[in-house]
Amino acid sequence: MITNKYNKVAVGALSFLFPLSSFLFTSCADLDYTEETTRDEEWTFTYFNEGIKGLVSGIYAQVYNNEFESNSAYFLAGATDEAQYALETGAINGYVNGGWSPSNPYDRSWTKCYTAIADANMFLEKWDQTDISDWKYNPDYQNWVAQKEMFPYEVRFLRAYYYFELFRAYGDVPLVTTTLNNAQANNVERTPVDQIVKFIVEECDAVAPYLPVSYGTEIGSEIGRATRVAAAALKARTLLYYASPLFNPDGDKTRWAKAAEACKYVLDNAATWGLKLSTYSTLWGHEAFYNQELIFGIGRGESNSFEMANYPVGVENGSSGNCPTQSFVDQYEYQDNGQTFAERYPGNIDLGTVDPYEGLDPRFALTVVKNGDEWPSNGAQKKVMETYVNGFNGAPKYGATPTSYYLKKFVDGSCVTTADNQTRRRHTWIVFRLAEFYLDYAEAVYNATGSANDATYGMTANEAINVLRNRADIMMPEFTEDGADWVKRYERERMVELAFENHRFWDVRRWKKGPDYFKTIQVATISSGLQLTRSTVTRQWDDKFYFYPIPQSELKKNPKLTQNTGW
């Protein structure tokens, strides 16, 4: 284990994340912890911006290393009941069409996480060698010293964050906190999840006091670095996963209790930390990076590539992308009585005589583009959507929506994607936001106490959910249920509130409900006569999908690694 003084602190919190710089270091994709760099070691640890800070930036940068190619538009939704990816070329389709295997693992989780962990271990071990005193007459010297002193805490947080990503995807994974040579790396064994979770939680607790709540008042005022707030968020989410059936088959209620306490800590301190719930529509868009609900978001520079990937076919340079399913639309409730879309309209619908979308939860119109909507919102391309068969935005055009819906959430309708006079906007992908922890708390309290109306922890599960549903821009009927009815409605509410934020893929897995939600999905087809017809799409599901396969390339290098069950 690392013995320098910074090993006594753990991990801070990821705040709002802008890219800090480009990579300066490379590490092997497996557990071959080498120190191959584009600069020699002495240079690296005596220069600040391109050396020390550059290395830390490279560790941060793996957060940006998306699991899929750009044509999948960064979402796991297409592998869930939220969406059907329109183009067969989307890498996300490998999850549902049989293309997923140890030889073709598709995602980059193993590679990106162990790349970052390797650099983090090296950085922490070599930290005592850093010396920028030769630059003491530089006008920025004091700022550099202040930032440099914070880096070990940030790096420890990042390392814990990557271990969270690894354990939720693979279960048991090698826990390595020192640099290894090739021979050592290729002989490590998988560490039980219990120890991985213990490591993450202890790291968060230890480093949080050393990290600022915000960098707004710190030297340099740099946002995008680890904060105390994100440390608390990472701890709470980690404990929620650890308490869930996939990792807690015996239903140990003490795990749920610890998760409830950690989530309550986030909620109780939110106001002090400057967090507050925002309107739903401001969670994305050009200024979303500064939204006060955001705890950690991946900030991207100005671009319209996401819009090109998700604008409807028929909109110039639109490729359809992630198309919400009828299964997803069915989860929305009506404002008058809380009845769901599926309950009110369980069969086919004559859209010429009835508007089934009138009175739905306001989050629906902010998330989904339906037939008859005006979209995109920019004046150069706005038109009435025709998602019906032979419509301007419908089949049989190549790439047209296979579900009769298009995506609106996260898509900036002000982006112009025409051949000429294109416009671009900033984008922010949510990793942690405050609303999640009201839902996490509700789930943890319910499972810890056995009731949605138990106030043991100071707020009942129903009260926590109703905080979200009583937002001025939402105003949906409150939760009053308990028991099995509560669980069903909670899972629906979580899907609606956190739609397309990459929760559904992991939630259904940690609940061990893959066959219930992912084996078949409902899609809709609208005829030219405006008859909406439901149909069922069958997807591949096997219980081995609860965990990712260990890449075959890693198993060949290390005979002590074992494959996940079924792969």
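Which residues of α8 are buried? I began the notebook with this helix, in a model that is predicted, and found the buried residues of α8 to be R255, W256, A257, A259, A260, A262, C263, K264, V266, L267 and N269. I then looked up what covers them, and the cover includes α6, α7 (228-243) and α13 (434-449). For the geometry of α8 (residues 253-269), I compared the end C-alpha atoms, which are 25 Å apart, with the 24 Å that its 17 residues should span at 1.5 Å a residue, and the two agree.

**Confidence**

Before reading side chains I checked the pLDDT, whose mean over the protein chain is 89, with 91% of the residues reaching 70 or more. The stretch I set aside is residues 1-37, where pLDDT stays under 50, although the model has 166 contacts beyond four places in sequence for it. I left those contacts uninterpreted, because predicted coordinates should not be read in detail where pLDDT is low.

**Helix α15**

I turned next to α15 (residues 483-497), a helix of 15 residues that reaches 21 Å from its first C-alpha to its last, close to the 21 Å expected at 1.5 Å a residue. Its buried residues are W486, R489, Y490, E491, R492, E493, R494, M495, V496 and E497, and I noted R494 for the search that follows, where it turns up as a partner of D507.

**Salt bridges**

How many salt bridges does the structure hold? I recorded 34 of them and followed up three.

In the pair of E203 and R156, the closest N and O atoms are 2.5 Å apart. E203 lies in helix α6 (residues 193-207) and R156 in helix α4 (residues 141-170), so this salt bridge ties together parts that are 47 residues apart in sequence. I checked the burial of both partners: E203 counts as buried at 6% relative accessibility, and R156 counts as buried at 2%.

The side chains of D507 and R494 also meet in a salt bridge, at 2.5 Å from N to O. This pair links distant parts of the chain, with D507 in helix α16 (residues 504-510) and R494 in helix α15, 13 residues apart. D507 is buried with a relative accessible area of 3%, and R494 counts as buried at 2% relative accessibility.

For the third I took D373 and K370, whose side chains meet at 2.9 Å, N to O. I looked up their relative accessible areas as well, and D373 is buried at 17%, while K370 is buried at 16%; I entered both with care, because the cut-off for buried is under 20%.

**Aromatic rings and charges over rings**

My search of the whole structure for aromatic pairs gave 51. In one of them, the rings of F289 and Y290 have their centres 5.6 Å apart and their planes at 80°, so I entered the pair as edge-to-face. Are the two residues of this pair buried or exposed? F289 is buried, with a relative accessible area of 1%, whereas Y290 counts as partly exposed at 47% relative accessibility. The rings of W541 and Y546, with centres 5.2 Å apart and planes at 75°, are edge-to-face too, and there I found both W541 and Y546 buried.

I also looked for charges placed over rings, and noted that K397 lies over the face of F392 at 3.9 Å from the ring centre. The charged end of R509 sits over the ring of F505, 3.7 Å from its centre.

**Backbone**

Which residues does a cis peptide bond join? I found one between W375 and P376, with omega about -5°, and placed P376 in the loop between β7 (374-375) and β8 (383-384). Another joins A395 and P396, with omega about 10°, and P396 belongs to the loop between β8 and β9 (406-407).

N390 lies in that loop between β8 and β9 as well, and I entered its phi, near 75°, as a positive value in a residue other than glycine. F410 likewise has a positive phi of about 75° although it is not a glycine, and its place is in the loop between β9 and β10 (425-433). I closed by checking the accessibility of these two residues: N390 is exposed, with a relative accessible area of 59%, whereas F410 counts as buried at 3% relative accessibility.

Note on methods:
Residues numbered from 1 in each chain as written. Heavy atoms only, no water. Helix = DSSP H or I, 4+ residues; strand = E, 2+ residues; numbered from the N terminus. Expected span 1.5 Å × (residues − 1). Buried < 20%, exposed > 50% of the residue type's maximum accessible area, 1.4 Å probe, protein only. Salt bridge = Lys/Arg side-chain N within 4 Å of Asp/Glu carboxyl O. Phe/Tyr/Trp six-rings, centres within 6.5 Å; stacked < 30°, edge-to-face > 60°. Lys NZ or Arg CZ within 6 Å of the ring centre and 35° of its normal. pLDDT = per-residue confidence, 0-100. Contact = heavy atoms within 4.5 Å.
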